[in-house]
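Reader: I would like a close look at one part of this model, the empty space enclosed inside it. Please take that part slowly and connect it to what surrounds it.

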Amino acid sequence: MKGINLKVYKGEVVVVIGPSGSGKSTFLRCLNRLTEPTKGDVYFEGVRITDPKMDMNKIRSEIAMVFQSFNLFLHLTAKKNIMLALTKVKGMEVEEAEKRARAALDRVGLLNKADSFPGQLSGGQQQRVAIGRAVAMNPKLIMFDEPTSALDPELIGEVLDVMKSLASGGMTMIVVTHEMGFAREVSDRVVFMDHGIILEEGAPAEIFTNPTHERTKTFLRRLFKE
Amino acid sequence: MALDIITNNLGFFWKGALLTLEISLCAIAIGFALGILMGLGRISRILPIRLISTGYVEALRGTPLLIQIFIIYFGLPSVGLVLDPLVSGILAVGLNSAAYQAEIIRGGIQSVPKGQLEAARSIGMTYTQSMRHVILPQALRLIIPPMTNEFIILIKDSSLVSAIGIWELTLVGKELNAKYFEPFTVFIFIAIVYFIMTYATSKIMRRVEKKFRIPGYGAEA
């Protein structure tokens with residue numbers, strides 16, 4: 001990645017698109033320093049979090065991340081998946097954490113699966129629990145790293161619905177996705193990445209109907225042909 | 001006539017078997033505690049810790065247990081550390097097993113999907129919290145079958161401490177054979193007693209495995 005400059009405002013939904021290998025995931029992972037950027041700076045609410053002395057655990061508890069492969073804790077039930085960080089990171093009492101976990105599960109429509117283990121849930125359900133886990137932390141930003149790419153087509157809708165409801169609730173989101181419908185419908189801004197750089201960005205209508213770069217055009221044409 | 005040797009000396013065998021069990025259980029505990037530390041040390045990001053753990057594993061895995069027993073029991077007194085034979089025996093078997101258990105635990109930790117640690121870290125948990133609450137609970141479940149192997153090997157290897165005069169099962173057998181000269185009867189019986197212990201271990205570990213199995217995770221067996 002080189003020369004990436006991106007500002008995301010509070011309450012904004014930014015969708016990052018681009019061919020695989022273009023550095024989208026790496027970009028997201030640099031934002032919470034899950035991957036250490038070799039150069040450059042990341043500011044979160046005006047604070048330079050790339051400062052080596054930064055308490056990243058505190059920052060990460062405010063920037064939630066949702067992964068392509070869900071990454072629910074496999075040995076814990078849906079409810080306990082959500083409770084773990086609430087008690088260990090936020091220092092909440094168990095009863096309070098449980099209440100919050102149930103509320104989060106309710107929000108993603110899976111309260112009835114509170115005591116199921118990840119292995120007993122469908123991919124779509126797992127991802128919804130993972131989103132619940134993120135939301136329960138009360139984050140200021142949620143980053144989604146291709147949240148629907150590992151899902152069977154018929155399960156994608158339920159996850160996108162949850163994401164849409166988050167967006168309309170005012171959550172700040174950065175979403176790496178190939179779901180152009182979601183990008184067009186929900187996002188405030190679309191960023192097109194290719195070969196580690198941001199080639200262009202703009203309102204979804206602008207990018208989709210009138211892309212300026214040849215590579216963006218080719219990418220979109222190929223995507224919509226499928 | 002030959003079976004009389006067994007029946008007349010049941011008390012002696014019983015004591016030997018109990019001692020074998022005691023040595024084995026203590027050594028398993030030492031091996032497990034130290035094995036977790038060394039296993040984590042093997043994958044530590046801190047180079048000196050990694051080097052010490054790797055050196056430990058290689059040294060104790062690469063030399064005979066019998067020699068390690070001799071070093072602790074006969075060798076340490078010359079640097080001023082005199083240990084009771086039973087303590088020496090337990091320590092030697094335990095320290096030796098720690099090297100093998102460390103490798104099993106390292107393997108277990110590394111077979112937990114990478115995304116688990118990422119998810120834990122990305123939600124704000126420290127490395128230690130992630131290990132303790134996310135990685136180890138899964139790794140410990142994964143390593144039950146190879147650990148069963150290690151425990152069984154340890155029970156059998158504990159027979160080597162007979163060399164420093166600990167009256168465990170094997171030394172009892174040697175003594176009774178010297179007295180009656182009925183090696184076939186005596187050692188077959190000794191073998192059977194060892195087998196009962198190892199078979200019980202295998203059964204118990206199978207139970208543990210089932211009890212801690214995560215619903216919907218891994219093979220349903």
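How much space lies in the largest cavity?

Author: The model is a predicted one, and about 50 Å³ of space lies in its largest cavity. The structure holds one cavity of 30 Å³ or more.

Start with the lining. From chain A come Ala64(A), Met65(A), Phe67(A), Ala130(A), Arg133(A) and Ala134(A), and from chain B come Ala119(B), Ser122(B) and Ile123(B). By class, seven of these residues are nonpolar, one is polar and one is charged.

Next, the elements behind those residues. Strand S4 (63–66) and helix H5 (123–136) of chain A, together with H6 of chain B, each supply at least two residues of the lining. H5(A) gives the largest share, three residues.

The strand among these elements can be followed further. In a regular strand the side chains alternate between the two faces of the sheet. In S4(A), Ile63(A) and Met65(A) point one way, while Ala64(A) and Val66(A) point the other way. All four of these residues are buried. Two of the residues named here, Ala64(A) and Met65(A), also line the cavity.

S4(A) has a pairing partner. Strands of a sheet pair through backbone hydrogen bonds, either parallel or antiparallel. S4(A) pairs in the parallel sense with strand S5 (residues 141–145) of chain A, over four bridges. Along this pairing, Ile63(A) stands opposite Leu141(A) in S5(A), and Met65(A) stands opposite Met143(A) in S5(A). Met65(A) is thus a residue to mark on the display: it is in the lining of the cavity and has its place opposite Met143(A) in the pairing of the strands.

The pair belongs to an open sheet of six strands in chain A, in the order S4-S5-S6-S1-S7-S8, with mixed pairing. S4 and S8 of chain A stand at the edges and have a single partner strand each, so one side of each is left without a neighbour in the sheet. Neighbouring strands of this sheet are turned by 20° against each other on average, direction ignored.

Now cross the sheet to S7 and S8. Strand S1 (residues 13–17) of chain A is joined to S7(A) by four bridges, and the two run parallel. Strand S7 (residues 189–194) of chain A and strand S8 (residues 197–202) of chain A pair in the antiparallel sense, over five bridges. S7(A) and S8(A) form a hairpin with two residues between them. His195(A), in the turn of this hairpin, has a positive phi of about 50°.

Some individual partners help in tracing this part. Phe192(A) in S7(A) is the bridge partner of Ile17(A), and Glu200(A) in S8(A) is the bridge partner of Phe192(A). Met193(A) stands opposite Ile198(A) in S8(A).

S7(A) is covered on both faces: Arg189(A), Val191(A) and Met193(A) on one side, and Val190(A), Phe192(A) and Asp194(A) on the other, are all buried. Because six of the six residues of S7(A) are buried, this strand is largely enclosed by the rest of the structure.

The cavity can also be set beside the open spaces. The second largest pocket has a volume of about 350 Å³. Of the 14 residues that line this pocket, the closest to its centre are Lys114(B), Leu117(B), Glu118(B), Tyr127(B) and Met131(B). Helix H5 (85–111), helix H6 (114–122) and helix H7 (127–142) of chain B each give two or more residues to the lining of this pocket. H6(B) gives the most, with four residues. H6 of chain B also supplies at least two residues of the lining of the cavity. The lining of the second largest pocket has nine nonpolar, one polar and four charged residues.

The largest pocket holds about 1000 Å³ of space. It is lined by 32 residues, and those closest to its centre are Leu6(A), Leu31(A), Asp41(A), Val42(A) and Tyr43(A). Helix H1 (24–31) and strand S2 (43–44) of chain A each supply at least two residues of this lining, and H1(A) gives the largest share, four residues. The lining of the largest pocket divides into 15 nonpolar, nine polar and eight charged residues.

Note on methods. Residues are numbered from 1 along each chain as its sequence is written. Chains are lettered from A and ligands numbered from 1 in the order in which they are written. This is a predicted model: local features need pLDDT of at least 70, side-chain atom pairs count only at pLDDT 80 or more; totals for chains, interfaces and linings use all residues. Side-chain values use heavy atoms; hydrogens and water are left out. On a 1 Å grid over the protein atoms alone, a cavity is a set of points where a 1.4 Å probe fits but cannot get out, and a pocket is an open set with protein on both sides within 12 Å along at least five of seven lines; lining residues have an atom within 4 Å of a point. Grid points are joined across faces, edges and corners, and a volume is the space filled by probe spheres set on the points. Ala, Val, Leu, Ile, Met, Phe, Trp, Tyr, Cys and Pro count as nonpolar, Asp, Glu, Lys and Arg as charged, and the others, Gly among them, as polar. Buried means under 20% relative accessible area, exposed over 50%, partly exposed in between (1.4 Å probe, protein chains only). Two strands pair if DSSP finds at least two bridges between them. Axes are lines fitted to C-alpha atoms, for helices over the stretch in contact, and angles run from 0 to 180 degrees between N-to-C directions.
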